[in-house]
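Thanks for coming. I have one structure to go through today, and I will keep to what can be read from it.

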Amino acid sequence: MLTCYTKHGMLPEVRVLFERMGVKDVVCWNVMIDGYAQHGCPYGALVPFRKMMMMHGNGNGKVRPNEITIEVVLLVHWSVVGGFIRMLRIMALGLTFEWVLHWLICIVNVGVWIMRARCLM
């Protein structure tokens, strides 16, 4: 249901459904984050990501970001000036060294991908 509403740009409805959900797994969080990103709302995409990270960092939730979450958030942060530094601060909220290292490798990969795309233009 979330995915269907998101694809049609019904973001307020998606947010209401999401807030009413009892248990939210990583797929639900990713739908929220990606939905806002796909519809040109980068700051809207960062709100659920921050909530997800706060829940994970405080031990209140067991939802951990996965590769899809990382990819979407990295792309959103590239579009927001100064977001990269804020992202690193958010990542420091309870993630292990391995996760931070994984994210940094993803950042380098995205940077290389963007440089290659510019060279092909």
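I will start with the overall fold, then take the side-chain pairs, the cysteines and two single residues.

Please keep in mind that this is a predicted model.

First, the fold. The protein chain has 7 helices and 0 strands. Along the sequence, that gives the pattern α-α-α-α-α-α-α. The chain has 121 residues, and 36% of them count as buried. On contacts: taking those with a separation of 6 or more, 59% are between residues 24 or more positions apart. The exposed surface of the protein chain is about 7500 Å², with 65% of it supplied by carbon and sulfur atoms.

Now the aromatic side chains. How many aromatic pairs does the structure hold? The count is 1 aromatic pair. The partners are Phe-18 and Trp-29, with ring centres 4.9 Å apart. Their planes stand at 80 degrees, and edge-to-face requires over 60, so this pair is edge-to-face. Where do the two residues sit in the chain? Phe-18 belongs to helix α2, residues 11-20, and Trp-29 to helix α3, residues 26-38. The two are 11 residues apart, and the pair links distant parts of the chain.

Are these two rings' residues buried or exposed? Phe-18 has a relative accessible area of 2%, which makes it buried, given a cut-off of under 20%. Trp-29 is also buried, again with a relative accessible area of 2%. Phe-18 has a further partner: the charged end of Lys-24 sits over its ring, 4.8 Å from the ring centre.

Next, charged pairs. The count here is 1 salt bridge. The residues are Glu-19 and Lys-51, and their closest N and O atoms are 3.7 Å apart. Glu-19 is in helix α2 and Lys-51 is in helix α4, residues 42-58, so the salt bridge ties together parts of the chain 32 residues apart in sequence. As for exposure, Glu-19 is partly exposed at 41% relative accessibility, and Lys-51 is partly exposed at 38%. To put helix α2 together: it contains Phe-18, which pairs with Trp-29 in helix α3, and Glu-19, which is tied to Lys-51 in helix α4.

For those of you who think about cysteines: a disulfide is a covalent bond between the sulfur atoms of two cysteines. Searching the whole structure gives 0 disulfides. Cys-4 is partly exposed, at a relative accessible area of 39%. Cys-41 is partly exposed too, at 28%.

Two single residues to finish. Asn-30 is in helix α3, and at 10% relative accessibility it counts as buried. Which residues does Asn-30 touch, not counting those up to four places away in sequence? They are Gly-35, Asn-66, Ile-68 and Thr-69.

The other is His-39, found in the loop between α3 and α4. Its relative accessibility is 35%, so His-39 counts as partly exposed. With neighbours within four places in sequence left aside, His-39 is in contact with Thr-6, Lys-7, Gly-9 and Leu-11. Of these, take Thr-6: His-39 is 33 residues from Thr-6 in sequence, and 8.7 Å from it in space, C-alpha to C-alpha.

To recap the pairs, there is 1 aromatic pair, 1 salt bridge and 0 disulfides. That is what I have.

Conventions: Residues are numbered from 1 along each chain as its sequence is written. This is a predicted model: local features need pLDDT of at least 70, side-chain atom pairs count only at pLDDT 80 or more; totals for chains, interfaces and linings use all residues. Side-chain values use heavy atoms; hydrogens and water are left out. Rings of Phe, Tyr and Trp (its six-membered ring) pair if their centres lie within 6.5 Å; planes under 30 degrees apart count as stacked, over 60 as edge-to-face and the rest as tilted. Helices (H or I, at least four residues) and strands (E, at least two) are DSSP runs, numbered from the N terminus. Buried means under 20% relative accessible area, exposed over 50%, partly exposed in between (1.4 Å probe, protein chains only). A charge sits over a ring if NZ of Lys or CZ of Arg is within 6 Å of the ring centre and within 35 degrees of the ring normal. A salt bridge is a side-chain nitrogen of Lys or Arg within 4 Å of a carboxyl oxygen of Asp or Glu. Contact means heavy atoms within 4.5 Å. Accessible areas come from the Shrake-Rupley method with a 1.4 Å probe; for residues, only the protein chains shown count as cover. A disulfide is a pair of cysteine sulfur atoms within 2.5 Å.
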